[in-house]
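Me: Got a minute to walk through this model with me? I'd like to go piece by piece.

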Amino acid sequence: MKKKLGLVYGGKSAEHEVSLSTARAATQAINFEAYEVMPIYITPEGEWRTGTSLAAPAKTIEELRLEGNGTNEPDSIAQFLQLESKPDVILPLLHGTNGEDGTVQGLFEVMNIPYAGNGVLASSAGMDKVVMKQLFAQVGLAQVPYVHFIRSEWEKDETRLLDAAEQTLEYPVFVKPANLGSSVGISKADNRGSLKEAISFALKFDRKIIVEQGVTAREIEMGVLGNDEPACSVPGEIKPVAAFYDYEAKYQDGNTELVIPAHVPDDVANHMKDMAYRAFKVLDCSGLVRADFFVTETDEVLINEVNTMPGFTPTSMFPLLWQHTGVSYPELIDRLIELAIARHAEKQKIQYTMD
């Protein structure tokens with residue numbers, strides 16, 4: 001008997017279109033003989049819409065929008081929670097705010113439905129770059145120096161914060177919204193003037209800002225897959241033509257070379273693997289993460305961040321890393337679903353009463 005697989009995508013996020021691309025790619029790989037695929041689309045305004053089960057892979061992104069084409073009725077979250085035919089397992093393919101930050105994961109927890117990927121804590125901590133870095137520091141993971149602040153502090157005394165950043169860091173620096181992925185809102189600053197502009201730009205996307213020390217290093221990533229006993233993929237290197245691996249380099253201009261496996265000494269690869277495991281554990285991750293590192297000319301390894309819902313099309317780094325490790329894209333999806341069901345079963349062992 002087929003399992004009902006809820007495919008949740010879209011979302012009220014700056015990464016809405018990225019999520020749609022991911023969802024379309026996933027439908028190309030899902031085994032329709034094993035799963036009844038239920039499309040669950042979240043509009044840019046945050047409305048939840050469900051459609052009839054997919055009979056075949058989506059040919060275009062437009063098929064997945066469910067924008068009231070006569071066969072799909074808009075559903076509120078309340079209506080979704082009351083569906084008589086709830087999914088047996090959910091595959092959330094949401095990126096960014098309201099998708100990988102723990103909010104929708106909390107909804108799935110309340111619904112008591114298995115869902116792929118990270119839980120509430122790992123998602124929320126992994127989404128907030130400041131909290132994530134603070135947790136990394138607790139387990140001794142080496143990382144670049146940084147400062148952070150919130151919008152109200154900036155509006156109150158921007159001169160003090162600029163002075164503090166310049167006292168702690170050296171140009172160039174990178175300015176990022178603390179709670180956004182896919183390199184949205186990130187800028188490089190080489191002087192005080194460009195730093196102010198970068199901060200103003202980043203504040204359009206989040207109330208919390210992080211300013212990180214620029215470093216001359218290779219950008220190398222590893223995929224982590226599993227629950228309590230995760231496995232690591234081979235490392236892969238990003239070689240962007242642009243000044244840094246920004247949104248356009250990831251999704252639009254194609255001016256990025258991915259080298260898989262990355263050419264690194266065995267001891268460096270093993271060190272990255274150890275750091276990836278420790279990052280996975282300290283955030284209490286499950287399912288998947290992509291761990292991103294800087295490797296300097298002297299082979300010093302610094303962890304940059306982990307992404308709890310990395311890009312997930314067949315040409316994205318995470319699936320490519322696993323492809324080169326021996327796990328195909330369809331197998332990766334199956335494995336994530338299996339991990340979701342296993343984690344849910346483990347949670348059912350928890351006793352909530354004193355009886």
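Me: Where is Pro 172 placed?
Reply: Keep in mind that this is a predicted model. Pro 172 is in the loop between helix 7 (158-168) and strand 7.

Me: And the peptide bond from Tyr 171 to Pro 172, cis or trans?
Reply: Cis. Omega is near 5°.

Me: Which other proline should I look at for a cis bond?
Reply: Pro 261. The bond from Ile 260 to Pro 261 is cis, with omega near -5°. Pro 261 is in the loop between strand 13 (256-259) and helix 10 (266-282).

Me: What's the usual state of a peptide bond?
Reply: Most peptide bonds are trans. Most residues other than glycine also have a negative phi.

Me: On phi, then: is the phi of Asn 112 positive or negative?
Reply: Positive, at about 60°, although Asn 112 is not a glycine. Asn 112 lies in the loop between helix 3 (103-111) and helix 4.

Me: Back to strand 7. What is the strand order in the open sheet of four strands?
Reply: The order is 6-9-7-8. The pairing is antiparallel.

Me: Which strands stand at the edges, and what does that leave?
Reply: Strand 6 (146-150) and strand 8 are the edge strands. Each has a single partner strand, so one side of each has no neighbour in the sheet.

Me: What is the average twist?
Reply: From one strand to the next, the twist averages 25°.

Me: How many bridges join strand 7 and strand 9?
Reply: Five, in the antiparallel sense. Strand 9 covers residues 208-213. Pro 177 has Ile 209 of strand 9 as its bridge partner.

Me: Which helix lies across those strands?
Reply: Helix 8, residues 192-202. It lies across strand 6, strand 7, strand 8 and strand 9. Helix 8 runs at about 15° to strand 7.

Me: What about the loop after strand 7? Where does Asn 179 sit?
Reply: Asn 179 is in the loop between strand 7 (173-177) and strand 8 (187-189).

Me: Which residues is Asn 179 in contact with, leaving aside neighbours within four places in sequence?
Reply: Thr 97, Met 127, Asp 128, Asp 206 and Lys 208. Arg 207 is 28 residues from Asn 179 along the chain, and their C-alpha atoms are separated by 8.6 Å.

Me: Met 127 is in helix 4, right? At what angle do the axes of helix 4 and helix 5 cross?
Reply: Yes, helix 4 is residues 120-127. Helix 5 is residues 129-138, and the two axes cross at roughly 105°. They come within 5 Å. Helix 4 and helix 5 are therefore roughly perpendicular.

Me: Which residues make the contact?
Reply: Helix 4 gives Ala 125, Gly 126 and Met 127. Helix 5 gives Lys 129, Val 131, Met 132 and Leu 135. By class, that contact has five nonpolar, one polar and one charged residues.

Me: Now helix 1 and helix 12. How do their axes cross?
Reply: At roughly 100°, coming within 9 Å. That makes helix 1 roughly perpendicular to helix 12. Helix 1 is residues 16-29, and helix 12 is residues 329-347.

Me: Which residues meet there?
Reply: Thr 22, Ala 25, Ala 26 and Ala 29 of helix 1 meet Tyr 329, Pro 330 and Ile 333 of helix 12. The classes are six nonpolar, one polar and no charged residues.

Me: Which rings does Tyr 329 cluster with?
Reply: Phe 312, Phe 318 and Trp 322. Ring pairs link the cluster together. The count of aromatic pairs comes to seven.

Me: Which charged side chains sit over rings?
Reply: Among them, Lys 133 lies over the face of Tyr 146, at 5.7 Å from the ring centre. The charged end of Arg 343 sits over the ring of Tyr 115, 4.4 Å from its centre.

Me: Last one, strand 12. What does strand 12 pair with?
Reply: Strand 10 (residues 218-226) pairs with strand 12 (residues 236-240) over three bridges. Strand 13 pairs with strand 12 over four. Both pairings are antiparallel. In the pairing with strand 10, Glu 221 stands opposite Gly 236. In strand 13, Thr 256 is the bridge partner of Pro 240.

Technical notes:
Residues numbered from 1 in each chain as written. Predicted model: local features only at pLDDT ≥ 70, side-chain atom pairs only at ≥ 80, totals over all residues. Heavy atoms only, no water. Axes fitted to C-alpha atoms, helices over the stretch in contact; angles between N-to-C directions. Helix = DSSP H or I, 4+ residues; strand = E, 2+ residues; numbered from the N terminus. Parallel < 35°, antiparallel > 145°, perpendicular 65-115°, else oblique. Contact = heavy atoms within 4.5 Å. Nonpolar A, V, L, I, M, F, W, Y, C, P; charged D, E, K, R; others polar. Phe/Tyr/Trp six-rings, centres within 6.5 Å; stacked < 30°, edge-to-face > 60°. Lys NZ or Arg CZ within 6 Å of the ring centre and 35° of its normal. Pairing = 2+ DSSP bridges.
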